[in-house]
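Biologist: Hi, have you got a moment to walk me through this one? I'd like to look at it together.

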Amino acid sequence: MSTWLVTGGAGFIGSHLVEALLARGDSVRVLDDLSTGHRHNLPPGVTLIVGDVADPDAVGQAMQGVDGCFHLAAIASVEKGITDWLGTHRANLTGTITVFDAIRRQGGRIPVVYASSAAVYGDAASVPIGETEPCRPLSGYGADKYGCELHARVASHVHGIPTVGLRFFNVYGPRQDPKSPYSGVISIFCERIAAGMAITINGDGGQTRDFVYVADVVAALLAAMALRPADSPVFNVCTGRPTSVAALAALVADLAGRPLDARNGPPRAGEIRHSHGLPDRANAVLGLPDRVTLGDGLARVLHWMTEATR
Ligand SMILES: NC(=O)c1ccc[n+]([C@@H]2O[C@H](COP(=O)([O-])OP(=O)(O)OC[C@H]3O[C@@H](n4cnc5c(N)ncnc54)[C@H](O)[C@@H]3O)[C@@H](O)[C@H]2O)c1
């Protein structure tokens, strides 16, 4: 039986990972400050340490005796990165260095798989976006995620810590909080359309995104932990399939059996028009199976929302 530290394990993606680790009989410790995560996301049997990932003492204590660390704790919000630039930087980049440094201080080689983001690419010159595309982030959030990748190189090359970075595209699934101001478009559309409420589409709805189901993200995290590479690689975690926001709204309405009441609002300032990734490298190296289709994934979210409101 292995013991894993999952930072941010009480959050959306983290709690799905925790479930998968427990399901295979492993032991799980979670470090989370519960700023956006919730205790009730965690299944029984998990050790929760409530603490800050940028606090060296808390991370050092949480890291004791683990076989590996999945580092997901972050303020996962481009908007918060604008209004609280320094605060998000501390959680997102200082927090990541704190994780690597805790391992260095213990003199160990505990492997780390950490969450990066498609935000590292900024407005890429062409789609689909491969991992060799230049990183030109357009947000503090994206810049810090890129910083995490650069420090992961240092962790690996200078301190011998095996690291893998996963550039998640738009992740969706049950437990993504539609009430959070940082919530993804899918959880908001599903909640409102299923309740017969109107939705607002920013701009003309022609902007495209690569929506990846959370179970596929968990599969990528687990496969990445098995790699233990010496060259600190990064991989896209995406489907390679673009979906426009307008098409997404129509699909959700169809699946929910509701008429679509959509209004177009002003476009978001600085919003990237097209973003979808090239999954080939992750498929080849991580051996990932076919992704959950958008229709199946949305049906699961709608089902979860119905159950949750009963
Ligand atoms: N959801 C997506 O589409 C997406 C896309 C790209 C990257 N990511 C990354 O994946 C990771 C998980 O994101 P998520 O969608 O599950 O978000 P989430 O907000 O549900 O999870 C983040 C977790 O980190 C915790 N946290 C935040 N700051 C902390 C701190 N200083 N110390 C300890 N814990 C802290 C939160 O309480 C929460 O439980 C993040 O690193 C995020 O940047 C997510």
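Biologist: Into which domains is the protein chain divided?
Modeller: There are two entries: domain 1 (3-170 + 211-237) and domain 2 (174-210 + 241-271 + 293-308), with bounds that come from an automatic or database domain assignment. Keep in mind that this is a predicted model, where local features need pLDDT of at least 70, side-chain atom pairs count only at pLDDT 80 or more, and totals for chains, interfaces and linings use all residues. Residues are numbered from 1 along each chain as its sequence is written, and side-chain values use heavy atoms, with hydrogens and water left out.

Biologist: How far apart do the C-alpha centres of domain 1 and domain 2 lie?
Modeller: Those centres are 26 Å apart. The contact (heavy atoms within 4.5 Å) takes 16 residues from domain 1 and 15 residues from domain 2.

Biologist: Thanks! Now helix 1: how many residues does it have?
Modeller: Helix 1 has 12 residues, 12-23. Helices here are DSSP runs of H or I with at least four residues, strands are runs of E with at least two, and both are numbered from the N terminus. From first C-alpha to last, helix 1 reaches 17 Å, close to the 16 Å expected at 1.5 Å a residue; that expected span is 1.5 Å times one less than the number of residues.

Biologist: And which helix 7 residues does helix 1 meet?
Modeller: Val214, Val217, Val218, Leu221 and Leu222 of helix 7 are met by Phe12, Ile13, His16, Leu17, Ala20 and Leu21 of helix 1. The residues of this contact divide into 10 nonpolar, 1 polar and no charged. Nonpolar here covers Ala, Val, Leu, Ile, Met, Phe, Trp, Tyr, Cys and Pro; Asp, Glu, Lys and Arg are charged, and the others, Gly among them, are polar.

Biologist: Phe12 caught my eye. Is Phe12 buried or exposed?
Modeller: Phe12 is buried, because its relative accessible area is 15% (buried is under 20%, exposed over 50%, partly exposed in between, with a 1.4 Å probe and protein chains only).

Biologist: What does Phe12 touch?
Modeller: Not counting residues up to four places away in sequence, Phe12 touches Val171, Tyr172, Gly173, Pro174, Arg175, Gln176 and Val214.

Biologist: Switching topic, where is Ser180?
Modeller: Ser180 sits in the loop between strand 7 and helix 6 (185-194). Ser180 is buried too, with a relative accessible area of 19%. Ser180 and Thr36 are 144 residues apart in sequence, and their C-alpha atoms are 8.1 Å apart in space.
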